[in-house]
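Work through the exercises below with the model open beside you. Try each task before reading its solution.

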Amino acid sequence: MASVLTPTDFEHFVAVASGEENWCVDVETNGFSPYDGNQICGIGVAFLNRPETFYFPFRHQQGDNLDIDLLDSLMRLMSSRSALIGHNLKFDTHFLVSDGLDITGIRLIDTLVLCRITEPTTERTLGLTYMLTKRFGKEYGEYDLMTKKILRQNKWNKDFSLAPQDILGPYCEKDVESTVLLFKDCLRLVEASAQNAIMDMMVNLTTVLFRMEQRGIRIDRHYAAQAVNSIQVRRDVVEKMIYALTDYEFNILSSTKQISLAMDSVGIHPTMLTEKGNPSWKEESLIATGSELGGLIAQYRNLSKMQSTYLEPYTGTDEMHSIFKNWGTVTGRLASASPNLQNLPRDFSRILGNILTQDEYEELRGRLKKNKGALADHWSNDILQAWSYLGGGKLNNDATEVTPRRLVIPRDDYHMIAFDYSQMEVRMFLLYVGQPEMIELMKKEKIDFHAETAKIAFKITEDHPEFEFYRQAAKNITFGVIYGIGKANLAQAMGVTPTQALQYKNTYFANMRGSRQFFDRVVKTIETRGWVRNKYGRIYRVPHNWGYKAVNYLVQGTSADILSERMIEIDTFLQPYKTNMLMQIHDEIIFEVHKDEVHLIPLIKEIMLKNSLGMDLEVDMEWCKPSWASKTNFHVIDGLMYEGKEPEAIDKPLDNVVEYIDWD
């Protein structure tokens, strides 16, 4: 182990490292984001086939540092390597690239990803220290615990550059040495389980996700500031309305006890309890009270969370660099963080509190019953008014509404386009079931698989007076099988008794040939063998009594791997162009398409429709304008974008379409 402190030390490193194509790297930094001004203070390097480890201190605020001019030399040498290996490697790569690393042609091998595909599905913790301790013994993680204790004691833990290199250097070198050990063990398990292909896909995907993160998303900070102010005005109004009902003030966002006392003051008692037997005042509980006070408290909470969580953090920034984790779920589906874009609400809140018309009250009543499970049949208009903040229908993009997705806007000279795989998981389920009739239907466009499933499962036609009920029943049962929903939850979703739900499910299984066999085969395989492999070769090791979950892992995981495969192909395709992938949300990929490259839109869709499984897919496209919150149908003719579902004979493009420039 050695800190590189002098030009002579650096020359020795170059002599050792030049012949090593695969470097294991780790960075120490003074913060978490190079896009917010944070920087590297030191870099650790180790190799797969040599025992030496090295630490390069560059920006420590105390102790010795290597001449900063040698950082460029180190980055040039690192840029010529074949592969970089690291634990949570994308984090390190963002900092290294900001200091000059060129990752062109470099494989980014993240041991976090390798741990995910080699660990059981029950394992949710994949941190380096935990993995070392689990796989090799408690002593392998002691260095981390000891150093972190020193950093905390000296208040260096939030800015590692405050620590001297003789403290941080050995720690960083131990990190890269340990990562080499973990990588070799993961590689052994990957090869033993024949998951080389899925490993290669995830390695390639890491580079794609890095580019998405680096590009980031444009934020309308002026909208964020305006929305925060508007929400605060409405919060103040709702707060006064709540206090008028209770006749005293209390902390509305505080403890369950204070909410209980407030409810009790107007004669409302909890209808739901927590697991510990205490009153529960979650949204469902507030709905169950059927009261104006319950609606106002829910409204206040909604506005407060939207203000503090989704809007205030972006009042001072023009870009958001979310993190995309190809190790974040057990199925293989991407997760995101900082922020979690998958949790960014698509719904909007009405913030003016306008009195609704009677027709609007009835529309809200129906929406509450459908989406919130509310028994709102006999609610008065006053109660409905308290819940009127729940937006429904199409966003008007005016000052009466607020939605977090309105923050995300296209950059200048770009269109934001959403490509969404239609009914992806239903299609994948039917592919696994293997029912020829349904697989043949996949070849057709605009197929409503839930309607077709209802016809087969319940032997009815679309002119049946209760066809919509049976379609919804087929949908609920299909997703119930995919997600492992129990009899009680299925009954609640269908609006029938548990006995009736079981009867419908049995009829479904009896007539949807192959569905019961697929489910039973997966459950039996888990019971006897403990693992299943999806169509891309990804293995799920599942507890013997969790066979029903393995059904979901296969369906959702294979769907996720199709998206990963396609994203890699699209990323390669887009390299010569200005158009970029921005984010992936479940089965949807969002792009920013340059105004001069509208002709790429049909080509991107064509790439998305292909896949190595030969599966028939359908992709819907929508134009996000003026923001991610508002989507409209469109089509492309001769490199021009037109609003509307179907092409029509139009002599010239719409006024709001940027003029197309011939790319030939």
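**Exercise 1: A salt bridge within one helix**

Asp144 and Lys148 join their side chains in a salt bridge, 3.2 Å from N to O. A salt bridge here is a side-chain nitrogen of Lys or Arg within 4 Å of a carboxyl oxygen of Asp or Glu. The model is predicted: local features need pLDDT of at least 70, side-chain atom pairs count only at pLDDT 80 or more, and totals for chains, interfaces and linings use all residues. Residues are numbered from 1 along each chain as its sequence is written, and side-chain values use heavy atoms, with hydrogens and water left out.

Task: find where Asp144 and Lys148 lie, and decide whether Asp144 is buried or exposed.

Solution.
- Step 1. Both residues sit in helix H6 (residues 142-153). Helices (H or I, at least four residues) and strands (E, at least two) are DSSP runs, numbered from the N terminus.
- Step 2. Asp144 and Lys148 are four residues apart, about one turn of the helix.
- Step 3. Apply the cut-offs: buried is under 20% relative accessible area, exposed over 50%, partly exposed in between (1.4 Å probe, protein chains only).
- Step 4. Asp144 has a relative accessible area of 7%, so Asp144 is buried. Lys148 has 27% relative accessibility, so Lys148 is partly exposed.

**Exercise 2: A buried pair**

Task: state which parts the salt bridge of Arg538 and Asp561 ties together.

Solution.
- Step 1. The side chains of Arg538 and Asp561 form a salt bridge at 2.8 Å, N to O.
- Step 2. Arg538 is in the loop between strand S14 (531-533) and S15, and Asp561 is in helix H22 (residues 547-574), so the pair ties together parts that are 23 residues apart in sequence.
- Step 3. Arg538 is buried at 2% relative accessibility. Asp561 is buried at 0%.
- Step 4. For context, the structure holds 39 salt bridges. One network of them links Glu119, Glu123, Lys134, Arg135, Asp185 and Arg188.

**Exercise 3: An enclosed helix**

Task: explain why helix H4 (residues 111-118) counts as largely enclosed.

Solution.
- Step 1. Check burial. Eight of the eight residues of H4 are buried, so the helix is largely enclosed by the rest of the structure.
- Step 2. Find the cover. The elements over the buried residues of H4 include strand S5 (83-86), helix H5 (128-136) and helix H7 (165-192).
- Step 3. Look at the N-terminal end. Asp110 caps H4, with a side-chain oxygen 2.9 Å from the backbone nitrogen of Leu112.
- Step 4. Follow Asp110 into the sheet. Asp110, in S6, is the bridge partner of Gly86. Four bridges join S5 to S6, and the two run parallel.
- Step 5. Place S6. The open sheet has six strands in the order S1-S4-S3-S2-S5-S6, with mixed pairing. Its edge strands are strand S1 (2-3) and S6, each pairing on one side only. Two strands pair if DSSP finds at least two bridges between them.

**Exercise 4: A loop residue**

Task: which residue meets the side chain of Asp318 in a polar contact?

Solution.
- Step 1. Asp318 lies in the loop between helix H12 (292-311) and strand S8 (319-320).
- Step 2. Asp318 is partly exposed, with a relative accessible area of 43%.
- Step 3. Asp318 and Arg218 are 100 residues apart in sequence and 5.8 Å apart in space, C-alpha to C-alpha.
- Step 4. The side chain of Arg221 makes the polar contact with the side chain of Asp318, at 2.7 Å. A polar contact is a pair of N or O atoms within 3.5 Å; within protein, one must be able to donate a hydrogen and the other to accept it, and residues adjacent in sequence count only if both atoms are side-chain atoms.

Notes:
Contact means heavy atoms within 4.5 Å.
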